[in-house]
Amino acid sequence: AYERRFPTCPLIPMFVASDTVNEYKSEDEAVHVIERRCKLDIDAPRLLKKIAGVDYVYFVQKNSLNRRERTLHIEAYNETFSNRVIINEHCSYTVHPDNEDWTCFEQSASLDIKSFFGFESTVEKIAMKQYTSNIKKGKEIIEYYLKQLEEEGITFVPRWTPPVACKSESSTCHPRRPVSPAINIPESATKEGLSNKEILNTSSSPSEPTTGTPDDKLDADYIKRYLGDLTPMQESCLIRLRQWLQETHKGKIPKDEHILRFLRARDFNIDKAREILCQSLTWRKQHQVDYILDTWNPPQVLQDYYAGGWHHHDKDGRPLYVLRLGQMDTKGLVRALGEEALLRYVLSINEEGLRRCEENTKVFGRPISSWTCLVDLEGLNMRHLWRPGVKALLRIIEVVEANYPETLGRLLILRAPRVFPVLWTLVSPFIDDNTRKKFLIYAGNDYQGPGGLLDYIDKEIIPDFLGGECMCEVPEGGLVPKSLYRTAEELENEDIKLWTETIYQSASVFKGAPHEVLIQIVDASSVITWDFDVCKGDIVFNIFHSKRAPQPPKKDSLGAHSITSPGGNNVQLIDKVWQLGRDYSMVESPLICKEGESVQGSHVTRWPGFYILQWKFHSMPACATTNLPRVDDVLASLQVSSHKCKVMYYTEVIGSEDFRGSMTSLESSHSGFSQLSAATTSSSQSHSSSMISR
């Protein structure tokens with residue numbers, strides 16, 4: 001099973017390739033030594049790789065298998081930067097002396113950094129992170145290949161016997177007892193640090209399946225209960241994508257069900273799934289979609305005239321959403337609310353659908369990851385083909401397709417009129433092929449016959465307006481009064497307002513007057529996270545710690561500057577008599593942030609007390625060789641009118657056990673996507689980099 005990870009292993013994304021450089025076999029075939037040169041793509045900041053001048057790191061690994069003694073010894077050392085960094089690792093598989101059905105596994109490693117371009121601390125953290133990740137991955141990898149062997153019918157490996165014995169009596173080539181291939185590494189083995197030794201129970205009887213827990217998410221019970229049938233390769237893709245998110249994504253990791261939807265949408269092509277998932281996570285964060293059910297209340301117009309709502313479930317246990325599109329005044333809703341309000345309402349429906357899927361999974365005891373939508377087109381006419389209304393519909397379809405893949409289990413379209421083919425021709429090109437296969441279209445009363453509604457929905461819950469006996473509480477829709485219509489200018493302003501009404505706060509930063517936020521920490525293991533956009537000017541971001549509380553926030557007055565203007569707030573906490581190093585200390589290196597950048601990061605608190613997040617005006621340094629200002633400095637000063645900057649920020653404090661982002665103090669990423677005030681549903685592709693401060 002161990003040998004199957006070569007020449008490359010899909011379960012270890014950073015293991016790119018390996019080449020055999022030396023191989024030795026003894027005459028009796030008891031000893032087999034093979035030496036390989038392994039190519040690794042280390043997860044390190046791009047800047048560090050650029051400074052080091054390498055894209056890949058090479059290790060030499062020597063595996064010594066002794067069939068006579070039943071041992072496998074693995075030695076590895078780094079070839080790249082061996083004059084600066086010395087890494088040695090040793091692993092061994094041996095048979096327990098007291099019980100031959102047990103396998104002992106031992107692993108140890110050493111790291112000695114002599115020098116590394118001034119980044120010694122950073123390299124140490126990266127090495128520790130990679131090593132810890134490999135230890136945790138070891139159990140999953142060995143179990144994956146053991147399962148693969150069992151599927152191929154290989155359930156034991158005959159023990160080695162001397163060649164002479166085979167010549168004298170052929171039966172001696174067969175072992176008295178097969179060597180069990182099952183290796184079960186306890187989860188605790190991954191938490192012991194750089195040196196850990198465990199006795200592993202590998203009896204031939206299958207171990208009892210454990211229930212799914214956050215630390216052991218992919219056991220058989222968990223998959224069957226929450227994810228559904230997965231092939232080994234599909235399970236491997238899920239594990240790899242989840243691990244990649246854990247190593248790179250800031251904040252909490254999406255649930256396995258959510259990751260799996262994106263993998264299924266791209267036929268388990270991990271690169272394509274990762275791309276659309278990352279775009280969706282950025283979009284969700286930018287528009288605060290995670291909070292939409294708790295923070296946004298639909299306007300009364302939508303509650304009265306949007307003819308849609310949830311109605312029990314179908315025969316498969318999927319939540320059922322009923323939409324009486326033919327009775328809905330799409331033109332009136334767009335004129336009264338605008339495109340953005342309609343989009344936000346549809347997003348809230350989808351978020352509610354995800355929540356109902358989780359509830360139904362618990363109720364029915366099987367994985368339910370999608371819902372059924374029933375669309376009644378009775379009353380559909382040319383009014384519904386109003387161009388701005390169709391434009392709004394196409395945009396809604398585009399956003400939902402990109403961010404809620406594989407959530408529609410089945411779409412039942414009933415009582416389709418003659419005008420429906422026209423609408424279908426307009427919208428079908430924007431719908432994914434896999435989604436279109438889930439559409440069932442019925443004209444007239446065909447839904448009442450064989451193959452109709454009764455095949456998918458229990459008779460007891462068929463809505464009354466479709467001839468059923470169940471009262472449906474979905475609004476009937478109707479025409480929106482023209483008195484509720486708004487002008488194009490009002491709608492445009494409302495659209496911008498909708499997407500800026502978030503949990504983010506706005507602050508102004510002036511020359512000599514920074515903006516500061518106080519965070520009190522009781523538990524030293526807490527994690528402070530932040531997310532801010534620099535909307536105007538350049539700023540310097542700092543984090544300070546103080547054992548004593550600063551004075552209550554005071555609002556400063558700068559004469560010409562209006563601190564309490566609508567442009568943002570300005571609060572200063574650090575008293576002018578405080579001295580850095582005596583009254584408070586800097587816990588992170590200053591971070592210079594340019595206009596238009598978005599910064600996300602985290603800090604693991606080492607001590608309880610009071611932490612101060614500070615945004616300070618950044619003054620351009622003058623040219624060192626002359627008193628004359630540089631052209632860039634002049635242009636920059638013209639852009640920052642009146643020495644004023646503006647930021648939009650959000651901070652949160654969470655326990656370290658709940659935080660799944662970087663745990664190496666400050667790790668911020670910059671991107672050039674548009675500010676949160678921009679009314680858009682997609683972020684531009686932008687360069688991003690990571691920085692780890694000491």
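Leaving aside its neighbours within four places in sequence, which residues is Leu302 in contact with? In this predicted model, the partners of Leu302 are Trp296, Leu333, Leu337, Ala341, Leu342 and Tyr345.

Leu302 is a good place to start a tour of the interior. The largest nonpolar core has 52 residues, and Leu302, Tyr306, Leu333 and Leu377 are the ones that touch the most other members. Several helices and strands give two or more residues to this core, and they are listed here with their residue ranges.

| Element | Residues |
|---|---|
| helix H9 | 300–305 |
| strand S9 | 319–323 |
| helix H10 | 330–337 |
| helix H11 | 339–364 |
| strand S10 | 371–376 |
| helix H12 | 387–403 |
| strand S11 | 408–416 |
| helix H13 | 420–427 |

H11 supplies the largest share of the core, with nine residues. There is also a second, separate core of 24 residues, which includes Leu40, Ile74, Tyr93 and Tyr144.

Now let's turn to a pair of helices from the table. H12 and H13 pack with their axes 10 Å apart, at an angle of about 50°. Angles of 35 to 65 degrees count as oblique, so H12 is oblique to H13. Their crossing is right-handed.

On the H12 side, the contact is made by Val390, Leu393, Leu394 and Ile397, while H13 brings Leu423, Leu426 and Val427. How do the residues of this contact divide into nonpolar, polar and charged? Seven are nonpolar, with no polar and no charged residues in the contact of H12 with H13. As a general point, nonpolar side chains tend to be buried together in soluble globular proteins.

How values were computed: Residues are numbered from 1 along each chain as its sequence is written. This is a predicted model: local features need pLDDT of at least 70, side-chain atom pairs count only at pLDDT 80 or more; totals for chains, interfaces and linings use all residues. Side-chain values use heavy atoms; hydrogens and water are left out. A nonpolar core is a set of buried Ala, Val, Leu, Ile, Met, Phe, Trp, Tyr and Cys residues joined through side-chain atoms within 4.5 Å. Buried means under 20% relative accessible area, exposed over 50%, partly exposed in between (1.4 Å probe, protein chains only). Helices (H or I, at least four residues) and strands (E, at least two) are DSSP runs, numbered from the N terminus. Contact means heavy atoms within 4.5 Å. Axes are lines fitted to C-alpha atoms, for helices over the stretch in contact, and angles run from 0 to 180 degrees between N-to-C directions. Angles under 35 degrees count as roughly parallel, over 145 as roughly antiparallel, 65 to 115 as roughly perpendicular and the rest as oblique. A crossing is left-handed if the near helix is turned anticlockwise from the far one by less than a right angle, and right-handed if clockwise. Ala, Val, Leu, Ile, Met, Phe, Trp, Tyr, Cys and Pro count as nonpolar, Asp, Glu, Lys and Arg as charged, and the others, Gly among them, as polar.
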